[in-house]
Amino acid sequence: MNSILDTQRPRESKIALSSDMPHRPRRLRRNANLRAMVAESQLHLHQLVQGHFVLPGTGQAQEITSLPGIQRYSVDRLLPAVEADRKVGVRAVMLFGLPQEKDASGTSSQDPDGPIPQAVRALKAEFGDELSVMTDVCLCPYTDHGHCGFLEGEEILNDISVAALAEMAVVHAEAGADFVCPSDMMDGRIGKIRTHLDRKGQSQTGILAYTAKYASAFYGPFREAADSAPSFGDRKTYQMDWRNRREASRELALDLEEGADMVMVKPALAYLDVISDFADQSSVPVVAYNVSGEYALVKMAAAQGLADEQAMTLETLGAIHRAGADLIITYHASEAAHKQWLPQ
Ligand code: PBG
């Protein structure tokens, strides 16, 4: 009978009283305690790596408009920032350099006194094994044309670029980097870098390969921060096409074969399928890069009052972890640590 009572008290309707429903997934969601007990994944702070931009000189701390909350630091200013982060549980950093000089072949990328080698030496002297130091190995911040390899006309040459990257990797390793991280996407660079490191006595330096790095619109803020935008064209002849998934597995097989210690998918959010594939297929840890554009979107939405920043950050990072990333490189690490958003 359709009385007014039925509509006012839906809990007592005939359907709700039916006992013919053995599966009620909501039983496991009834309270926060239970939800925590049955959560399928939990990200920890020690899985986050904070990205930093390093300037030459001293006394420099520059705001980056497109990356709110992130600054470019000279080495002397980087140290206290990293120390404060280390105290609250950030265990690793990824460093990007802004050199004094740029030229066609990115000569300054091999300068042992450039901002990155200096920063690495200073950080390792201060923190030793308490801080894992990773360095981005790529030519684009060091070349005047902003491409990640050498040019012939407008063509990006592969093999001589790889030779230069291997030299750069050795300079970082000799400064004390724990991991060198080639982000150039030239063919065969992992193998060449491994061989060159070993020949130079740097067999303990690891390689975190930017294995599936896509030509992405999400790098915009980074290119402003690192002053590394290409002066002409784009990066589509070396970075991957975002329409491709299977191709990432091919790059993974090659990087594993060539000796990568860890493999990366970049960007992260629009590539959760690729992260998931890597989690299934990789024999080494899987890293995801939560890139500048992903960070900026969250920051700008929060600044506009459109999002709860903590909730959105944790959902974003948590999803990347759930998809299969063991480690996440992210500009959110420092804030998440200081605000105690994650268990250690
Ligand atoms: C250098 C490099 C880039 C990023 C990391 N290393 C830029 C690019 O390939 O153009 C992007 C990182 C980010 O957006 O946070 N090749």
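This text leads from the overall fold of the protein chain to the surroundings of its ligand.

The structure is a predicted model. Its protein chain contains 344 residues, of which 51% are buried. In secondary structure, the chain comprises 13 helices and twelve strands. The C-alpha trace extends over about 85 × 45 × 35 Å along its principal axes.

Attention now turns to the ligand. A shell of 18 residues surrounds the ligand, and the closest of them are Lys213, Arg223, Lys266, Ser292 and Tyr331. Sorted by class, this shell consists of ten nonpolar, three polar and five charged residues. The space that the ligand takes is the largest cavity.

Individual polar contacts can then be followed from the side chains to the ligand. For lysine 213, a polar side-chain atom lies 2.7 Å from an oxygen atom of the ligand; this residue is also listed among the closest in the shell. In arginine 235, an N or O atom of the side chain is 2.9 Å from an oxygen atom of the ligand. Tyrosine 289 places a polar side-chain atom 3.4 Å from a ligand oxygen atom, and these three pairs count as polar contacts because the cut-off is 3.5 Å between N or O atoms. As for surface area, the ligand taken alone exposes 400 Å², and the protein buries 100% of that.

Taken together, the ligand occupies the space of the largest cavity, with 100% of its area buried by the protein and with side-chain partners that include lysine 213, arginine 235 and tyrosine 289.

Key
Residues numbered from 1 in each chain as written. Predicted model: local features only at pLDDT ≥ 70, side-chain atom pairs only at ≥ 80, totals over all residues. Heavy atoms only, no water. Near = heavy atom within 4 Å. Polar contact = N/O pair within 3.5 Å; in protein donor to acceptor, adjacent residues only side chain to side chain. Areas by Shrake-Rupley, 256 points an atom, 1.4 Å probe, with all protein chains shown as cover. 1 Å grid on protein atoms, 1.4 Å probe; cavity = no way out; pocket = protein on both sides within 12 Å on 5 of 7 lines; lining within 4 Å. Sits in = over half its atoms within 2 Å of the grid points. Nonpolar A, V, L, I, M, F, W, Y, C, P; charged D, E, K, R; others polar. Helix = DSSP H or I, 4+ residues; strand = E, 2+ residues; numbered from the N terminus. Buried < 20%, exposed > 50% of the residue type's maximum accessible area, 1.4 Å probe, protein only.
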